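Got your viewer open and your selection tool ready? Let's take a walk through this one, stop by stop.

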Amino acid sequence: MPHREKIAWLLLVAMLACYVPYFTVAHFNPPPADLLPNLTQIRLLALVAIAHALIQGLGRLWFRIRSPEDARAPADERDRAIERRSTTVAYYVLMTGMILVGVMMPFTENGWTIVNAGLFMIVLAETFHYGIAVWSYRRSAA
Amino acid sequence: MAGTLTNQIRTLRFLNGEMSQAELGQKIGVTRQTIAAIEAGKYSPTLEAAFRIAEVFGKPLDEVFQWTSGVA
């Protein structure tokens, strides 16, 4: 498996492992929308962000130690083509999400609902980004 | 237009002293996995990479890659 495919898997799994629980909690136990700042909610978000960064950092380090030559090699044309495709799709997902959250939701929602919806759209766009990268690598694997 | 891009890379590697995919990849600046994907017809290389592969084997481009049109 190419180094960049491993990284795409890592980022996808880290994203899902950290943010699916966060949004599940936020959905079933929503913070009061008008309570700003909500330290409990901020602490939970900080915890998730730190866990996400740690998983990514340790995973990258692990792959670098296991195969240092692959990690040092620059991206080739297939890597760049896959990155272009996945970034393009993620961009449209993010743009659509930001229009919904930033332009429409302020008329009907407030506070943490908007904050979490904005975060959800970013996570969704990144999930598309890494998901399409993984799918593209698998599809073109010999 | 629909069509199929095929190639003779596997044969040419064999005829060039069983050159490995990694060696070929190193010579043209791509990973072994990308060569494997090109060879299996699962990834179409850029024109530049195609010319580089042909150059490694000392063959014209159309002896390495063939295009078959899907339109009857």
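Start by colouring chain A by confidence: its pLDDT averages 90, and 96% of the residues score at least 70. You need that colouring because this is a predicted model. Within chain A, helix α3 (residues 68-72) has the lowest mean pLDDT of the elements, 83, while α4(A) has the highest, 95. Now colour chain B in the same way. The average pLDDT there is 90, again with 96% of the residues at 70 or above. Among the elements of chain B, strand β1 (residues 3-7) comes lowest with a mean of 87, and helix α4 (residues 47-57) comes highest with 95. For the model as a whole, the scores are ipTM 0.80 and pTM 0.83.

**Stop 1: chain A from end to end**

Hide chain B for a moment and switch to a cartoon view. How many helices and strands does chain A have? There are five helices and zero strands, so reading from the N terminus you pass α-α-α-α-α. Turn the chain around: its C-alpha atoms fill a box of roughly 50 × 30 × 20 Å along the principal axes. Of its 142 residues, 23% count as buried. Take the contacts in chain A with a separation of 6 or more: 86% of them join residues 24 or more positions apart.

**Stop 2: helix α5 of chain A**

Select residues 112-139 of chain A, which make up helix α5. Try measuring from one end C-alpha atom to the other. At 1.5 Å a residue, the 28 residues should span 40 Å, and the end C-alpha atoms are 39 Å apart, which agrees.

Next, show side chains on this helix. Which residues of α5(A) are buried? They are Trp112(A), Val115(A), Asn116(A), Met121(A), Ala125(A), His129(A), Tyr130(A), Ile132(A), Ala133(A), Ser136(A) and Tyr137(A). As you look along the helix, keep in mind that an α-helix has 3.6 residues a turn, so residues three or four places apart point the same way. To see what the buried residues of α5(A) pack against, add α1 (3-28), α2 (39-66) and α4 (77-104) of chain A.

**Stop 3: Ala17 of chain A**

Click on Ala17(A), which sits in helix α1 of chain A. Ala17(A) has 13 other C-beta atoms within 10 Å, so it is partly exposed. Now add Val48(A) to your selection. Ala17(A) and Val48(A) are 31 residues apart in sequence, but 9.5 Å apart in space from C-alpha to C-alpha.

**Stop 4: two helices of chain B**

Bring chain B back and select residues 21-28 (α2) and 32-39 (α3). Two packed helices are described by the angle between their axes and the distance between the axes. Here the angle is about 105° and the axes are 8 Å apart. That makes α2(B) roughly perpendicular to α3(B). On the α2(B) side, the contact uses Gln21(B), Ala22(B), Leu24(B) and Gly25(B); on the α3(B) side, it uses Arg32(B), Thr34(B), Ile35(B) and Ala36(B). By type, the residues of this contact divide into four nonpolar, three polar and one charged.

Stay on α3(B) and highlight Gln33(B), Thr34(B), Ile35(B), Ala37(B) and Ile38(B), its buried residues. These pack against α4 of chain A together with β1, α1 and α2 of chain B. Just after α3(B), look for Gly41(B), which takes a positive phi of about 75°.

**Stop 5: where the chains touch**

Show both chains. In this contact, 14 residues of chain B meet eight residues of chain A. Which element gives the most to the chain B side? It is α3(B), with five residues. The chain B side as a whole divides into seven nonpolar, five polar and two charged residues.

**Stop 6: two last clicks in chain B**

Go to the loop between α1 (9-15) and α2 of chain B and pick Glu18(B). Glu18(B) has a positive phi of about 50°, although it is not a glycine. Is Glu18(B) buried or exposed? With 8 C-beta neighbours inside 10 Å, it counts as exposed.

Finish at Leu61(B), in helix α5 (residues 61-64) of chain B. Leu61(B) is partly exposed, with 13 other C-beta atoms within 10 Å. Leaving aside neighbours within four places in sequence, Leu61(B) is in contact with Ala50(B), Phe51(B) and Ala54(B). Select Lys27(B) as well: it lies 34 residues from Leu61(B) in sequence and 16 Å away in space, C-alpha to C-alpha.

Technical notes:
Residues numbered from 1 in each chain as written. Chains lettered and ligands numbered in written order. Predicted model: local features only at pLDDT ≥ 70, side-chain atom pairs only at ≥ 80, totals over all residues. Axes fitted to C-alpha atoms, helices over the stretch in contact; angles between N-to-C directions. Helix = DSSP H or I, 4+ residues; strand = E, 2+ residues; numbered from the N terminus. Parallel < 35°, antiparallel > 145°, perpendicular 65-115°, else oblique. Contact = placed C-beta atoms within 7 Å. Nonpolar A, V, L, I, M, F, W, Y, C, P; charged D, E, K, R; others polar. Buried ≥ 20, exposed ≤ 12 C-beta atoms within 10 Å, placed from the backbone. pLDDT = per-residue confidence, 0-100. Expected span 1.5 Å × (residues − 1).
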